[in-house]
Amino acid sequence: MRRELGLVLLLAAAACAPLYLPSYELSLLGRFLALAVLAMGISLIWGTGGILSLGQGVFFGLGGYAIAMHLKLAGADPGAVPDFMQWSGLDALPWWWVPFRNPAFAIAAAFVVPGAAAAALAFLVFRRRVSGPYFAIITQALALAATTFIISQQQYTGGFNGLTGFKSAFGFALGDQSTQFGLYWATLAAVALTFVAVRALQGSLFGKVLLAVRDGENRVRFLGYDPLPFKVIAFAVAGVLAGLSGALVTLDLGVISPAMFGVVPSIEMVIWVAVGGRNSLLGAIVGTLVVNFGKDWISSVFPDLWLYVVGAVFVLVVTVAPQGIVGLMTSLRARSPRLGPATPPALVE
Amino acid sequence: MSESTLVVGQLFNGISVASILLLAALGLALSFGLMRVINMAHGEMLMMGGYLTYLSISVFGRSTGFAVGLVVAFIGTALFGALLEITLIRRLYGRPLDTLLATWGVSLVLQQAARSIFGPIGVEVTAPPWLSGTLSLGGTVMTGLSIPGVRAFIIVLAAVVLGAVALIIARTRLGLLIRAVHENRPIAEALGANTRFVDLAVFSLGTGVAGLAGSALSLIAPVTPTVGQSYIVYAFLVVIVGGLGSLTGTLAAALLIGVFSATAQIATSQSFSDVLLLLCVIIFMQFRPRGIVAQGSRALEET
């Protein structure tokens with residue numbers, strides 16, 4: 001009960017952030033909270049399901065492009081193609097761009113396309129019981145292939161620069177303060193809903209079987225469950241969350257480009273969760289905020305240092321604190337008798 | 001130049017790319033097969049080998065520098081690999097996904113270090129005079145086909161290294177231990193094999209071979225801080241397609257993927273061939289999830 005109260009207070013404090021945070025910090029917080037939605041998806045598949053994906057950026061990108069395509073079409077003159085298509089000499093809209101004129105279709109696509117893509121990949125790979133490091137490598141290859149492909153198809157995707165230059169989104173002028181606040185609250189609502197939904201999923205029978213699959217896939221088989229649908233559904237849910245996160249970040253930044261979700265950003269997403277604590281949903285949010293604010297601060301003060309720092313963080317979090325910040329807090333609490341014992345989470349591979 | 005010489009020429013390019021992939025993947029396949037360790041910093045061993053070659057050439061000159069560079073690249077990266085194994089990898093035994101993340105951290109640090117030392121643009125290595133010619137096969141059916149000396153050298157180098165590694169595994173005492181540990185780690189340990197030493201030796205040998213690959217790579221492409229990244233994903237695909245810890249499988253997979261990429265690039269483009277390659281690997285896995293050469297085992301769980 002005390003824990004729930006704490007979370008509600010935290011949420012209230014975050015909801016009031018527009019009142020006390022300067023505009024720049026607020027926009028950072030909004031964007032990092034949007035990324036936390038994706039991180040909770042990683043927490044579900046990696047922490048609960050034991051599936052390490054190095055390609056979550058791809059699903060993030062799919063969600064982002066779905067929204068960006070709509071914004072691009074909404075911003076273009078009626079009957080004209082978006083500016084970058086004109087530059088590459090394309091004068092007719094490709095057929096698969098057409099339905100994105102409809103805002104409802106674009107919003108639905110931001111959820112459905114990444115979810116379906118994630119489900120298809122997971123089904124094809126897990127069906128043959130390929131998992132663990134193999135799956136991680138395949139998802140990384142996916143991130144590489146997806147970004148090189150998007151960059152090469154400049155006339156359809158905007159290439160390396162991606163899609164940008166939106167004026168308004170769904171009738172709201174981007175850049176207005178009221179739009180910024182609205183987007184921030186929408187993001188916060190998405191974070192809260194995702195938290196509650198993933199928490200419920202983890203507490204359900206589904207979550208328990210998924211956890212069991214992580215700890216002993218073959219034992220689960222012997223108990224009569226087929227692990228495949230559990231892994232596929234979990235991965236699809238994480239894909240949907242990544243898509244939602246991509247859509248929110250695209251609205252927030254006003255751009256989606258391959259540099260935002262390639263091989264390197266995709267693996268950085270995993271480190272957010274590792275830093276926060278892979279077995280804790282709250283840890284995923286905390287880790288995302290800590291790493292991203294840290295990155296923002298370090299790369300503005302010491303631009304050359306960031307890669308050294310993130311490299312060291314990768315090594316240290318794995319060797320010294322495999323349960324991340326949340327794990328460190330828990331073991332601190334376990335050591336001080338006044339606060340009462342807490343069971344340390346089991347070390348998982 | 002007739003059509004057939006064009007095809008043979010491209011095939012040859014594919015084989016030389018495959019040779020570098022093979023050298024890069026050999027160490028990965030060995031350490032993954034033996035220790036279940038995914039070394040994401042393996043690509044940076046290529047990079048390190050390339051820079052070491054560059055340094056040797058600037059010290060010893062173009063002609064002898066490259067020969068010295070090969071040796072320096074092998075020894076330097078092998079030593080670095082040994083250091084990495086002792087300080088980091090050994091601690092993460094049995095946690096393959098965590099090893100993957102930690103070695104990725106190492107690779108980021110190495111890339112940034114290369115950027116600070118050598119600059120972000122990269123350095124060029126000019127081939128030594130004894131390799132800058134071309135081999136032409138005049139007088140045969142393939143008249144008009146000329147093969148750059150460096151490409152031929154890379155293929156020969158890969159063949160020699162593969163042969164040497166195969167010989168070590170098949171004929172030496174260390175090889176005997178490697179085979180024993182590969183087959184059954186606990187029993188090998190129980191019979192007195194020093195598995196820690198075997199792990200160290202294999203890991204270090206693998207990084208050394210990757211250093212050689214970097215040396216070879218520097219002949220055909222500039223050495224940049226991110227050169228490893230552009231090869232590592234393909235090298236991993238080679239390991240997946242080849243099967244765990246099998247030299248034959250790794251060789252076959254490297255040839256398949258190298259030649260596939262080279263031919264797909266004539267037909268389409270670099271980016272599209274990447275997408276095609278990934279699709280083909282996923283389709284391939286539907287039929288042979290354990291790779292071309294699957295190790296026969298009755299164990300339920302992979303150890």
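Okay, let's start with Thr148 of chain A, which is partly exposed at 24% relative accessibility. Before I go on, keep in mind that this is a predicted model. The overall scores are ipTM 0.83 and pTM 0.88. For chain B, the average pLDDT is 85, and 92% of its residues score at least 70.

Back to Thr148(A). You'll find Thr148(A) in helix α7 of chain A, residues 133–152. The side chain of Thr148(A) reaches back to the backbone oxygen of Ala145(A), at 3.1 Å. And what does Thr148(A) touch, once we skip residues up to four places away in sequence? Ser271(B) and Asp274(B), so to speak across the aisle in chain B. One more distance for Thr148(A): Gly159(A) is 11 residues along in sequence, and the two C-alphas are 9.1 Å apart.

Now a threonine in the other chain. Thr53(B) sits in helix α2 of chain B. Is Thr53(B) buried or exposed? Buried, with a relative accessibility of 0%. The side chain of Thr53(B) has a polar atom 2.7 Å from the backbone oxygen of Gly49(B). Around Thr53(B), leaving out neighbours within four places in sequence, the contacts are Phe66(B), Gly69(B), Ala73(B), Ser215(B) and Ser218(B).

Just ahead of that helix there's a loop I'd like to show you. Asn39(B) is in the loop between α1, residues 3–35, and α2, residues 42–60, of chain B. Although Asn39(B) is a loop residue, Asn39(B) counts as buried, at 1% relative accessibility. The side chain of Asn39(B) comes to 3.0 Å from the backbone nitrogen of Ala41(B). As for contacts, again not counting residues up to four places away, Asn39(B) touches Leu28(B), Leu84(B), Thr103(B), Phe203(B), Thr207(B) and Phe236(B).

That loop between α1 and α2 of chain B also holds Arg36(B). Most residues other than glycine have a negative phi. Arg36(B), though, has a positive phi, near 55 degrees. Over in chain A, Arg129(A) also has a positive phi, near 55 degrees. Arg129(A) is in a loop too, the one between α6, residues 103–126, and α7 of chain A. Arg129(A) is exposed, with a relative accessible area of 55%.

Okay, salt bridges. How many turn up over all chains? A search of the whole structure gives 9. I'll go through three of them.

The one I'd look at on screen is Arg278(A) with Asp98(B), where the closest N and O atoms are 3.1 Å apart. Arg278(A) is in the loop between α13 (263–276) and α14 (281–301) of chain A, while Asp98(B) is in helix α4 (residues 96–118) of chain B, so this pair joins two chains. How accessible are the two partners? Arg278(A) is buried at 6% relative accessibility, and Asp98(B) is buried as well, at 0%.

Next, within chain B, the side chains of Glu85(B) and Arg90(B) meet in a salt bridge, 3.2 Å from N to O. Glu85(B) is buried at 2% relative accessibility, whereas Arg90(B) is partly exposed at 24%.

The third one is in chain A: Arg221(A) and Glu217(A), with N to O at 3.2 Å. Why are those two about one helical turn apart? Because they are 4 residues apart in helix α11 of chain A, residues 217–222. In terms of burial, they fall on either side of the 20% cut-off: Glu217(A) counts as buried at 19%, and Arg221(A) is partly exposed at 21%. There's also a network here, with Glu217(A), Arg221(A) and Lys231(A) joined by salt bridges that share partners.

Last item, a helix pair in chain A. Two packed helices are described by the angle between their axes and the distance between the axes. For helix α3 (residues 23–48) and helix α10 (residues 205–215) of chain A, the axes come within 8 Å and cross at roughly 55 degrees. That crossing makes α3(A) oblique to α10(A). Which residues meet there? From α3(A), we have Leu44(A), Gly47(A) and Thr48(A). Facing them from α10(A) are Gly207(A), Leu210(A), Leu211(A) and Arg214(A).

That's my tour, so let's open it up for discussion.

Definitions and conventions: Residues are numbered from 1 along each chain as its sequence is written. Chains are lettered from A and ligands numbered from 1 in the order in which they are written. This is a predicted model: local features need pLDDT of at least 70, side-chain atom pairs count only at pLDDT 80 or more; totals for chains, interfaces and linings use all residues. Side-chain values use heavy atoms; hydrogens and water are left out. Buried means under 20% relative accessible area, exposed over 50%, partly exposed in between (1.4 Å probe, protein chains only). A polar contact is a pair of N or O atoms within 3.5 Å; within protein, one must be able to donate a hydrogen and the other to accept it, and residues adjacent in sequence count only if both atoms are side-chain atoms. Contact means heavy atoms within 4.5 Å. A salt bridge is a side-chain nitrogen of Lys or Arg within 4 Å of a carboxyl oxygen of Asp or Glu. pLDDT is the predictor's confidence in each residue, from 0 to 100. Axes are lines fitted to C-alpha atoms, for helices over the stretch in contact, and angles run from 0 to 180 degrees between N-to-C directions. Angles under 35 degrees count as roughly parallel, over 145 as roughly antiparallel, 65 to 115 as roughly perpendicular and the rest as oblique.
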